[in-house]
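Me: I have a structure open on my screen and would like to understand the labels attached to it. Could you walk me through the reasoning behind them?

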Amino acid sequence: MTLPPLKILFLGAGEFALPTLEKLAAAIPAENLLVVSQPARAKGRGRKKSPTPVSEKAGALGLEQFTPKDINSPASRAAMQDFEPDYLVLVDFGTRLAPATIALPKKAAINLHPSLLPAFRGPAPMAWALIKGEPVTGVTTQLIGEKIDCGHILLQDPTFIRDHETLPELSRRLSLIGAPLVIDTIEGLESGSLEPRPQDENLASKAPKFKKEDGLINWNENATAIFNRIRGLNPWPGTYTFHRGKRIKIIKAVPAAETPLLAPAPGELRADGQRLLVGCGQNSLLEILELQPAGKPLRTAAQFLNGQQLKQSDHFSTS
Amino acid sequence: MSILEIETYPAAVLKQKATAIENIDDSLRELADSMLETMYRAPGVGLAAPQVGRSIRLLVADPGSREEPEPMILVNPKIITAEGRTSMQEGCLSVPGFTAEVERYKQIVVQAWTLDEREVELELEDFPAILLQHELDHLEGILFIDRISRLKRNIYERKLKKGTLPED
Ligand SMILES: [Zn+2]
C-alpha cells in the first residue's frame with residue numbers, strides 16, 4: 001500500500017510567505033501544491049500591473065496557481081474544493097477567510113503567525129514586538145479559527161530580538177524560522193504526535209495595524225522608546241518629525257552611548273562633529289543616522305549637518 | 001538484499017490466491033528483506049509477495065513514521081476477528097497513479113508467523129489495521145480497486161488505456 005501524497009493549498013501574498021512556499025515546494029510533488037494569491041495589481045506611479053511576491057515565486061517554481069478577485073466567493077471555493085486539499089496553509093495572505101473557506105481542507109487549516117501567541121494577535125505583530133522593546137519574540141503555527149489569531153497553538157519557536165534589529169531584518173529572520181516550523185507542524189499532525197492546545201486568554205495582547213500618525217515622534221519619550229518606534233515602523237508607515245516647520249522622516253537612529261551632564265531638552269538638536277544628536281525624555285540622547293526631508297533624497301546625519309548651519313534654537317518638534 | 005521489480009495491474013499474478021508457506025528458510029528471509037527494501041525505496045508502507053511476482057503468503061509493512069519506523073514481516077497471516085468500519089484514501093504500488101477511499105474494518109486481530117518461527121497475534125486499530133487489510137487482500141488476489149465503486153474504477157481503467165497516468 002502507498003499513502004497518497006498530501007495535497008496542500010497554500011494561501012500567501014507577501015515576502016514573509018516565500019520561505020514557507022519554497023520549503024513546501026521542495027517537500028511535495030508540484031501537482032500536490034496549489035498556490036492561491038491575490039491577482040496582479042497596479043502598483044506605484046508606473047501603473048504597471050505586478051503580481052504578489054508569492055504569485056511571482058509560484059511562477060518561477062512552475063507551480064499551479066489560482067488568483068481569484070474574491071477568495072471567499074462560491075466559485076473560488078468550488079475551484080479550491082476540486083483540488084481536494086488535505087491541508088490549507090496560510091502565510092502573510094492579508095485577506096480574511098470566510099468560515100466555509102477555512103473548512104475546505106480535509107485535515108486542517110493552519111497559519112504561521114510571527115509572534116509567540118497569544119501575544120500580539122493581529123496584523124502587525126513584529127512591529128509591536130519591536131516598539132514594546134520585547135527581548136524575545138518568535139513564530140507560532142496555529143489552527144485557523146473564525147476569530148483571527150485565536151486558534152489552537154500547534155508549534156512555537158522563540159528567538160531573541162537582536163540589539164539593533166529593524167522590522168525588515170526581523171521579518172526576514174522570522175520568515176526563515178517559520179518555514180521549517182510549518183513543515184514540522186504538518187508532519188506532527190500527520191503522525192498524530194502534535195496536540196493542539198488552546199491559547200491562554202489571560203496572556204493575550206493585540207497588534208493592530210498602524211496609521212501614518214503613529215509615526216510622529218514624541219521627543220518626550222526616552223531615547224530607547226523612540227529608537228524602538230523608529231526600528232518598528234520603518235519602512236512603513238515610517239517615523240517623522242518637524243524641523244523648521246517642515247516634515248522630515250527619521251529613518252535610522254540609535255540611542256547615544258553617552259549621558260551628558262547637561263542633556264539637551266527634548267527635541268533640541270546638537271551637533272557633535274559629524275554626529276547629529278537629539279535630546280529625548282529622561283535626559284537621554286538619540287543619535288540620528290539617516291533622515292529624509294520631505295521631497296528630498298535620503299541623507300546621512302553628516303550630509304544633513306553639512307547642508308545647513310545648526311542654530312542654538314534648532315529643534316525637532318511635533319508640528 | 002536487492003530491489004525487486006514491482007508487478008502492476010493488470011498482471012495475472014496480482015489476481016491469484018497465494019499459496020501458504022511451508023518452510024521458513026534463508027531464501028524466504030532474503031526475499032522478505034528485499035521486499036522491505038523495495039517498499040521503503042518506492043516509497044510505500046506495505047508490500048505483499050504477489051506484488052513482486054511471488055504468489056506466496058508473505059507480506060511486509062511499516063505503519064510507523066520516518067522518525068520511528070516499525071517494520072513488520074508476516075508469514076501466512078490471517079484475520080481472526082474484525083469489527084467496526086473506517087476508511088481512508090489508499091494507493092498501491094501495483095496500481096500506480098491512482099488513489100481512492102476504501103472502506104475497511106476499524107479493528108482487526110491478525111494471526112501470523114514471524115521469520116524466527118514464532119506465532120504472533122496482533123491487535124490493530126485504524127491505520128495499521130487498514131494497512132494490513134490492504135496487504136492481506138493481495139494474498140487473496142484482491143486489489144483496492146476491486147473494493148471501490150464501479151464508476152471510480154472505470155475512471156482508472158480509462159486513464160490506464162489512454163496512457164494519461166503519471167509515469168514513475
Ligand atoms: Zn497494494
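Reply: Happy to! Let's begin with pairing: two strands pair if DSSP finds at least two bridges between them. Keep in mind that this is a predicted model. As an example of a bridge, B:Gly46 has B:Ala61, in strand 2 of chain B, as its partner.

Me: How do you know that strand 1 and strand 2 of chain B pair?

Reply: Strand 1 and strand 2 (residues 58-61) of chain B share three bridges. Pairing asks for at least two, so these strands of chain B count as paired, in the antiparallel sense. In general, strands of a sheet pair through backbone hydrogen bonds, either parallel or antiparallel.

Me: What makes the sheet in chain B an open one, and what is its strand order?

Reply: The open sheet has five strands in the order 1-2-3-4-5, with antiparallel pairing. Its edges are strand 1 (46-48) and strand 5 (119-125) of chain B, each of which pairs on one side only. From one strand to the next, the twist averages 40°.

Me: What makes helix 2 of chain B a helix that packs on the sheet?

Reply: Helix 2 (residues 127-139) of chain B touches strand 1, strand 2, strand 3 (72-92), strand 4 (95-113) and strand 5 of chain B. A contact here is heavy atoms within 4.5 Å. The direction of helix 2 makes about 115° with that of strand 3 of chain B.

Me: Which pattern does chain B follow along the sequence?

Reply: Chain B reads α-β-β-β-β-β-α-α, which fits its tally of three helices and five strands.

Me: Why is chain B called as compact as a globular protein of its length?

Reply: For 168 residues the globule rule gives 15 Å, and the radius of gyration of chain B is 15 Å, so chain B is as compact as a globular protein of that length. In chain B, 46% of the residues count as buried. Its C-alpha atoms fill a box of roughly 45 × 35 × 35 Å along the principal axes.

Me: Why is B:Cys92 called buried, and what is A:Cys150 called?

Reply: Buried means under 20% relative accessible area, and exposed means over 50%. B:Cys92 has 3%, so B:Cys92 is buried. A:Cys150 has 22%, which lies between the two cut-offs, so A:Cys150 is partly exposed.

Me: How many disulfides are there over all chains?

Reply: Zero. A disulfide needs a pair of cysteine sulfur atoms within 2.5 Å, and by this rule the count over all chains comes to zero.

Notes: Residues are numbered from 1 along each chain as its sequence is written. Chains are lettered from A and ligands numbered from 1 in the order in which they are written. This is a predicted model: local features need pLDDT of at least 70, side-chain atom pairs count only at pLDDT 80 or more; totals for chains, interfaces and linings use all residues. Side-chain values use heavy atoms; hydrogens and water are left out. Buried means under 20% relative accessible area, exposed over 50%, partly exposed in between (1.4 Å probe, protein chains only). Helices (H or I, at least four residues) and strands (E, at least two) are DSSP runs, numbered from the N terminus. Axes are lines fitted to C-alpha atoms, for helices over the stretch in contact, and angles run from 0 to 180 degrees between N-to-C directions. The radius of gyration is taken over C-alpha atoms; the globule rule is 2.2 Å times the number of residues to the power 0.38.
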